[in-house]
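Please open the structure in a viewer and keep the selection tool at hand. The tour below proceeds from one selection to the next.

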Amino acid sequence: MDFHVPGASPLAFTLILFLAATCFALPEYSQKPSSSAAQINSNSVLVALLDSHYSELAELVEKALLLQTLEDAVGRHNITIFAPRNDAVDRDLDPDFKRYLLEPGNLKSLQKLLLFHVIPTRVGSDEWPTRSASARHQTLSQDHLHLSRLDSGDKAVDLARVIHPDSVIRPDGVIHAIERLLIPRSVEDDFNRRRSLRSITAVKPEGAPEVDPRTNRLKKSAPPTKPGSSPVLPIYDALAPGPSLAPAPAPGPGGAHHHFNGHSQVKDFIQTLLHYGGYNEMADILVNLTSLATEMGRLVSEGYVLTVLAPNDEAMAKLTTDQLSEPGAPEQIMYYHLIPEYQTEESMYNAVRRFGKVSYETLRLPNKVVAQEADGSVKFGQGDGSAYLFDPDIYTDGRISVQGIDGVLFPAEEVESKSKTETVQPAKIVARPRRGKLMEVACRMLNAVGQNSRFTTCQ
């Protein structure tokens, strides 16, 4: 059995070292690329999620490209998934919010929302805190969830009730069914911010409305309304009897019944004024000092259109306390700036270019506001009480048009009454000259022959 060969010991020792190094190196090499495959098997909680009846959540996970992220999380530790029922994602979720999540530019928000439902630790139903306590866990989105119990004894995650605890149990995690989707505050704030910016964006009409040359009014409303939606009553009959005194009469038979969301449109144009800048006083009068914002919203809901001549803050600052302190004065001032037509800067400028002067009816009967061309723009009013079209088309949505002007308009009668002084002119008494005796004799002789009427002195 002595198989010793002189000179062979170093070679054998080298072969043994090579084989040993190969045996230890090959498993290490083969495990690196297949580490995920070795850890994620058919009994994984992720496979159970994708194959479960939480199909809406699983579909969102795939669209958010989070499978690899969740596989890495499962490979490091157990996880707990809070899965909303399909109805909560499909039907109960706000359509605008769901559309926002699925937009390509909002992938980060979708990923943050989904990772907000995953805790990198295992929390079974028997580990839930008692009714008098709550537990705070960090999610994969780096936000925190609060686990608690309701007064009824049901388990809860933040504001969502757990409807099926331990719905799916696997060695590497557990799934609890909840009644609603959990939304992080950061995602909700970003959605509200974008929706607010989208809602206040002024949308200009595709083309200027066509003006009837005989009446200087629109031939047809823009945009086209549904059949039967045009209001039956004139806008003056639909107005309230007085400023904030009583509701307006109901629409007549066959009239419009709120085909438009007028209150939302009025809210949009007031927000546009605030974001545009320089029209805060106008917005404050419409909302706080008067109830005109509500009145305008009701009129637009009933199918009427309005053009608002909005004085800027510099012009509103020139109003005196006496002009605003009288009962109903703010309403009357604003009514004179509301035209019951839909006019844009282009339509009004074309009208004054063609007809010279154009009179627009206002909601302050029977006063009208006169518009004319001046310095390449539209000038409203006359004399010292005039104002120029300063910021055109601040807001135009087809029902409400807002045009910024650089002055506060008043009816012509009020402007003239202010300019007149109430001083009484003394009556001028003309003394008749006395006639001398010689002149009296001459007048008598002329009177005898009937010629005294030709001389003013003898009259």
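**A guided tour of selected contacts**

Begin by selecting F269, which is buried, with a relative accessible area of 0%. The model on display is a predicted one.

Next, add Y395 to the selection; at 4% relative accessibility, Y395 also counts as buried, because the cut-off for that term is under 20%. The ring centres of F269 and Y395 lie 6.2 Å apart and the ring planes stand at 45°, so the pair is tilted. This pair connects distant parts of the chain: F269 belongs to helix 11 and Y395 to strand 15 (residues 387–396), with their positions 126 residues apart in numbering.

**From helix 11 to helix 13**

Now select helix 11 (residues 262–276) together with helix 13 (residues 292–301); their axes come within 7 Å and cross at roughly 130°. The two helices, helix 11 and helix 13, are therefore oblique to each other. The crossing of helix 11 past helix 13 is right-handed.

Which residues in helix 11 meet helix 13? On the side of helix 11 they are G262, H263, Q265, V266, F269 and I270. Their counterparts in helix 13 are A293, T294, M296, G297, R298, V300 and S301. Sorted by class, this contact of helix 11 with helix 13 has 6 nonpolar, 6 polar and 1 charged residues.

**Aromatic pairs and a cluster**

For the next stop, display the aromatic rings: the structure holds 6 aromatic pairs. One of the pairs is formed by Y100 and F191, whose ring centres are 5.3 Å apart and whose planes are at 50°, so the pair is tilted. Y100 lies in helix 7 (residues 95–102) and F191 in helix 9 (residues 185–199), 91 residues apart, and the pair thus links distant parts of the chain.

Are these two residues, Y100 and F191, buried or exposed? Y100 is buried, with a relative accessible area of 2%, and F191 is buried as well, at 7%. Add F97 to the selection to see one aromatic cluster, formed by F97, Y100 and F191.

**From helix 7 to helix 8**

Finally, select helix 7 with helix 8 (residues 107–115), whose axes come within 7 Å and cross at roughly 110°. Helix 7 and helix 8 are therefore roughly perpendicular to each other. In this contact, F97, Y100 and L101 in helix 7 meet S109, L110 and L113 in helix 8. The residues of the contact of helix 7 with helix 8 comprise 5 nonpolar, 1 polar and no charged.

Methods. Residues numbered from 1 in each chain as written. Predicted model: local features only at pLDDT ≥ 70, side-chain atom pairs only at ≥ 80, totals over all residues. Heavy atoms only, no water. Axes fitted to C-alpha atoms, helices over the stretch in contact; angles between N-to-C directions. Helix = DSSP H or I, 4+ residues; strand = E, 2+ residues; numbered from the N terminus. Parallel < 35°, antiparallel > 145°, perpendicular 65-115°, else oblique. Left-handed = near helix turned anticlockwise from the far one by under 90°. Contact = heavy atoms within 4.5 Å. Nonpolar A, V, L, I, M, F, W, Y, C, P; charged D, E, K, R; others polar. Phe/Tyr/Trp six-rings, centres within 6.5 Å; stacked < 30°, edge-to-face > 60°. Buried < 20%, exposed > 50% of the residue type's maximum accessible area, 1.4 Å probe, protein only.
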